[in-house]
Number of protein chains: 2
Amino acid sequence: MARPPKKPAARPKAERYHHGDLPRAMLSEALRTIQRRGIDSLTLRSVGEKLGVSRTALYRHFANKEALLGAVAAEGFRRLRQELFEAWDQGGRGRAGFEAMGAAYIHFAVRHPSHYRVMFGGALAKGDATLPPQDKSADAFGVLVDALVELQGAGLAVSQDAHLLALFVWSVVHGVAMLALDGVLHRPEDTETLSRFAIERLWSGIGVGMPAEAVK
Amino acid sequence: MARPPKKPAARPKAERYHHGDLPRAMLSEALRTIQRRGIDSLTLRSVGEKLGVSRTALYRHFANKEALLGAVAAEGFRRLRQELFEAWDQGGRGRAGFEAMGAAYIHFAVRHPSHYRVMFGGALAKGDATLPPQDKSADAFGVLVDALVELQGAGLAVSQDAHLLALFVWSVVHGVAMLALDGVLHRPEDTETLSRFAIERLWSGIGVGMPAEAVK
DNA sequence: ACCTGAACACCGTTCAAGT
DNA sequence: ACCTGAACACCGTTCAAGT
């Protein structure tokens, strides 16, 4: 009423995001919410509010909520891919690297339970039509296939279809991760114990070499 | 207006369920919807409508929608438990029985994808407070533990903590099942191939006997 | 080219009221 | 003891309108 508004003033938050990369801001805000309050707390309204933007602004950049979740999933596969490769590479790319990669996979899921759940059962499950242009899960999977091929080349892994081997390895770590997230493993040590056991058994089913030393 | 209603008449559907077991009718209606139209189509309104009952009648028998889903999950574990036991028992309770049990697990998940998803990630994940009185997943798990103990007694399985072994086996079949449901395995044959491979590798990591015949 | 505000259809849930 | 009907708070989404 009283004060003469020379500049538009106010709109402090809106100003911040109008010029920036709104799609990216929405993605990272969605990620934040999912990680900290769970998937049920993610509403388009809350995302808009947090970003100082209308609740329908999202539709200028994403087809709908499902598309936003698809972007969240793709980002998850991108990060998983990187963590897997680092574990494999820094682990020395041998047996130790392989086992580090398995542990890193499970660790990622346990550290980001809600994000991990969005990565699966979401866009992936609804048929290829709604998949993002490049399926980011293929990237993460590719790291695993590459590792197995390299192990085979070094005579460290069984020489069988690498794609099938990789699917098997993925099944095992995915299964352990899901059981952990589903609350079947009640104490954190249980996850650790199963994780170690599974990866060790996995190697003795995949790796070639010592004839399964007697289990004492 | 015109016709004099001697008997209450009408209310043809309501009459049918007032005396019956409404909770059970609601559970099976929910199950039907989930199996045929997916979890997103399950609304309390539709359940009530199908049963000729108010959409809030459900609250007389279940705490809320989540509780209904918990009942759906429990029923799923009950059926899974039975199918696992039958596979194990009819398979001869040896190596063949064990492998039949693994195949039956994956088969159950593939045949009832939405139901299987409700079984996990739902009530199980939300902490012990909301779990049903007796955790029905323990029953299905118990069948697996019993089988492993029996295999150990017959000298067919590695002598190690049966609980840990069972968790490992569960991880593998759960992982294969989830990858199949998540659309990672595109063709049905892929599921079959991975399923067979995983169960065979599983046995050679769990069973005792022939020293891992050379993979040709 | 990007964003808003009102409106719409549809949820789960509560609660006073009925029988 | 069991069920109803209206009401409430909260969704995702559409669309004409603004800049």
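This passage looks at how two protein chains meet each other and how they meet a DNA strand in a predicted model.

A good place to begin is the contact between the chains, where 35 residues of chain A touch 35 residues of chain B. Between them, chain A and chain B bury about 3000 Å², and 71% of this area lies on carbon and sulfur atoms. On the side of chain A, the greatest losses of area to chain B fall on Phe168(A), Asp182(A) and Phe197(A), which together make up 19% of what that side buries. Two helices of chain A, α8 (162-181) and α9 (188-206), are the elements that each give two or more residues to this side. The largest share, 13 residues, is supplied by α8(A). By residue type, the side of chain A that touches chain B holds 20 nonpolar, nine polar and six charged residues. Polar contact links two residue pairs across the two chains, both at pLDDT 80 or more, while the count of salt bridges between chain A and chain B is zero.

Turning to the DNA, 17 residues surround strand C, and those that come nearest are Ser54(A), His61(A), Arg45(B), Tyr59(B) and Lys65(B). Of the atoms of DNA strand C that come within 4 Å of the protein, 52% belong to sugar and phosphate. Some of the approaches to phosphate can be followed residue by residue. Ser54(A) places a backbone N or O atom 2.6 Å from a phosphate oxygen of DNA strand C. Side chains take part as well: an N or O atom of the Tyr59(B) side chain is 2.8 Å from a phosphate oxygen of the strand, and for the His61(A) side chain the distance is 3.2 Å. The protein surface near DNA strand C comprises six nonpolar, seven polar and four charged residues.

Definitions and conventions: Residues numbered from 1 in each chain as written. Chains lettered and ligands numbered in written order. Predicted model: local features only at pLDDT ≥ 70, side-chain atom pairs only at ≥ 80, totals over all residues. Heavy atoms only, no water. Near = heavy atom within 4 Å. Polar contact = N/O pair within 3.5 Å; in protein donor to acceptor, adjacent residues only side chain to side chain. Nonpolar A, V, L, I, M, F, W, Y, C, P; charged D, E, K, R; others polar. Contact = heavy atoms within 4.5 Å. Buried area = accessible area lost by both parts, 1.4 Å probe. Salt bridge = Lys/Arg side-chain N within 4 Å of Asp/Glu carboxyl O. Helix = DSSP H or I, 4+ residues; strand = E, 2+ residues; numbered from the N terminus.
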